[in-house]
Amino acid sequence: MAIPQGTDVAFAAELLKAGKRVAIPTETVYGLAANGTDPLAVATIFEAKHRPFFDPLILHFANLTDAMPYVLEMPSILPKLVEQFSPGPVTYVVKRTAFVPDLVSSGLPTVGIRFPKHPLTQTLLSQLPFPLAAPSANRFGYISPTNPHHIQRQFTDEISYILDGGSCVLGVESTILDLSQHTVTILRQGSLSVEELTDVLGYTPNMAAVSSSRPSAPGNVDVHYAPRKPLYVLSFKDLVLPPNGAVLAFGNNANHLNPKRTYQLSTDANDREAAGLFFDALHTLDADDTIDTIYCEPFPEYGLGRALNDRLKRAAKK
Ligand code: TXA
Ligand code: MG
């Protein structure tokens, strides 16, 4: 049975107040939201996603003022970053107070806070007396959703309502910044590019060392964002496309391959445009019965190309 969906913010608020789960639109990807102060409601998010409890959730607020009771120590750089980038695609990891349920932060002394930009979700948050805990609205390890259809493909009655905000404009998750230490560290590459961040900070932030056994952002596990079909990341130069293979094209890199088997991410090789379509491309090819294997070339390492390469690495067949 299809999940009810629509633009009724008041209905979504009632469901959330009753401890239910609602999918919410953001500028990055859709979230699977519940009352972030209610451990029982939070527990049902993990159940619905089949997500391990060691992987903490982000708390979503309308603005920094609403988040203050949950922040133990205000990092000195936080107001400046919020002024520049929020509401927007950044998650700030800060030391937390006891108002954050242990389950939300998986027992860590920190919590991720985020101020999403989508107008429907901003209105929703302003009508709620609590923050929303929300991971991306996909099954654990599967492709993130950037429109309601992607959610309908993965869930049924685990979600009470999809607040339909159309397609996500950015299409790749928020950039996660650890502000709980002395220096700013990027824990996850995302829709805010390193270049934009560097401009505001005045220096290049640290990049968390990638370790699959002890990831710094616990969700940075080895296999993630993965289609059910094998995805290979390789150079297209010598690729001979098998009959049931399909490629994710970026600019003219797949011009020599069968155009009927190509999902074009950006004809003029624009990293932002490609990021916006990336997860939809994976969903579309994964759902197409005539395709059994997906190929993609690494993206150029600038702007959102870095975040896309990170997703590719985890989604790819090893
Ligand atoms: O764009 C986004 O961030 C989306 C939308 C819905 O807001 N949310 C999202 O949530 O991507 P999720 O749960 O799929 O990814 C959040 C990541 C996880 O990898 C988790 O391990 C990490 O954030 N995280 C959460 N709290 C953390 C903390 N206290 N310290 C380090 N990493 C944390
Ligand atoms: Mg996710």
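Here are some worked exercises on a predicted model, each with a task and a stepwise solution.

**Exercise 1. The parallel sheet**

Task: Work out in which order the 4 strands of the open parallel sheet lie, and which strands form its edges.

Solution:
- Step 1. Follow the pairing across the sheet: the order is E12-E15-E13-E14, and the strands pair in parallel.
- Step 2. Look for strands that pair on one side only: these are strand E12 (231-233) and strand E14 (262-264), the edge strands.
- Step 3. Check the twist, which averages 20° from one strand to the next.
- Step 4. Now see what covers the sheet. Helix H8 (residues 271-287) packs on it, with contacts to E13, E14 and E15, and the direction of H8 makes about 160° with that of E14.
- Step 5. Zoom in on one pair: strand E13 (residues 245-249) and strand E15 (residues 293-296) run parallel and are joined by 4 bridges. Opposite Val 247 you will find Tyr 295 in E15.

**Exercise 2. The mixed sheet**

Task: Find the edge strands of the open sheet of 11 strands and say why one side of each has no neighbour.

Solution:
- Step 1. Write down the strand order, E1-E8-E2-E3-E7-E4-E6-E5-E9-E10-E11, and note that the pairing is mixed.
- Step 2. Strand E1 (5-6) and strand E11 (206-207) stand at the edges; each has a single partner strand, so one side of each is left without a neighbour in the sheet.
- Step 3. For an antiparallel example, take strand E9 (residues 175-178), which pairs with E10 over 3 bridges. The bridge partner of Asp 178 is Thr 185 in E10.

**Exercise 3. Two crossing helices**

Task: Classify the crossing of helix H1 (residues 9-17) and helix H5 (residues 119-126) from the angle of their axes.

Solution:
- Step 1. Read off the geometry: the two axes come within 10 Å and cross at roughly 50°.
- Step 2. That angle is neither under 35 degrees nor in the range 65 to 115, and H1 and H5 are therefore oblique to each other.
- Step 3. Add the hand of the crossing of H1 and H5, which is right-handed.
- Step 4. List the contact: Val 9, Ala 12, Ala 13 and Leu 16 of H1 meet Leu 120, Thr 123 and Leu 124 of H5. These residues comprise 6 nonpolar, 1 polar and no charged.

**Exercise 4. A residue in a short strand**

Task: Decide whether Leu 132 is buried or exposed, and name residues in contact with Leu 132.

Solution:
- Step 1. Locate Leu 132 in strand E7 (residues 132-133).
- Step 2. Its relative accessible area is 0%, so Leu 132 is buried, given a cut-off of under 20%.
- Step 3. Beyond four places in sequence, the contacts of Leu 132 include Leu 16, Ile 24, Ile 58, His 60 and Leu 124. Two of these names came up in Exercise 3: Leu 16 in H1 and Leu 124 in H5.

**Exercise 5. An arginine inside a helix**

Task: Place Arg 311 in its helix and explain why that helix counts as largely enclosed.

Solution:
- Step 1. Arg 311 belongs to helix H9 (residues 305-315).
- Step 2. With 0% relative accessibility, Arg 311 is buried.
- Step 3. Outside its sequence neighbours within four places, Arg 311 touches Glu 173, Arg 188, Tyr 225, Phe 278 and Phe 279, among others.
- Step 4. Turn to the whole helix: 9 of the 11 residues of H9 are buried, so the rest of the structure largely encloses H9. Among them are Leu 308, Asp 310, Leu 312 and Arg 314.
- Step 5. Finally, the buried residues of H9 pack against strand E10 (185-188), E12, H8 and E15.

Terms used: Residues are numbered from 1 along each chain as its sequence is written. Chains are lettered from A and ligands numbered from 1 in the order in which they are written. This is a predicted model: local features need pLDDT of at least 70, side-chain atom pairs count only at pLDDT 80 or more; totals for chains, interfaces and linings use all residues. Side-chain values use heavy atoms; hydrogens and water are left out. Two strands pair if DSSP finds at least two bridges between them. Axes are lines fitted to C-alpha atoms, for helices over the stretch in contact, and angles run from 0 to 180 degrees between N-to-C directions. Contact means heavy atoms within 4.5 Å. Angles under 35 degrees count as roughly parallel, over 145 as roughly antiparallel, 65 to 115 as roughly perpendicular and the rest as oblique. A crossing is left-handed if the near helix is turned anticlockwise from the far one by less than a right angle, and right-handed if clockwise. Ala, Val, Leu, Ile, Met, Phe, Trp, Tyr, Cys and Pro count as nonpolar, Asp, Glu, Lys and Arg as charged, and the others, Gly among them, as polar. Buried means under 20% relative accessible area, exposed over 50%, partly exposed in between (1.4 Å probe, protein chains only).
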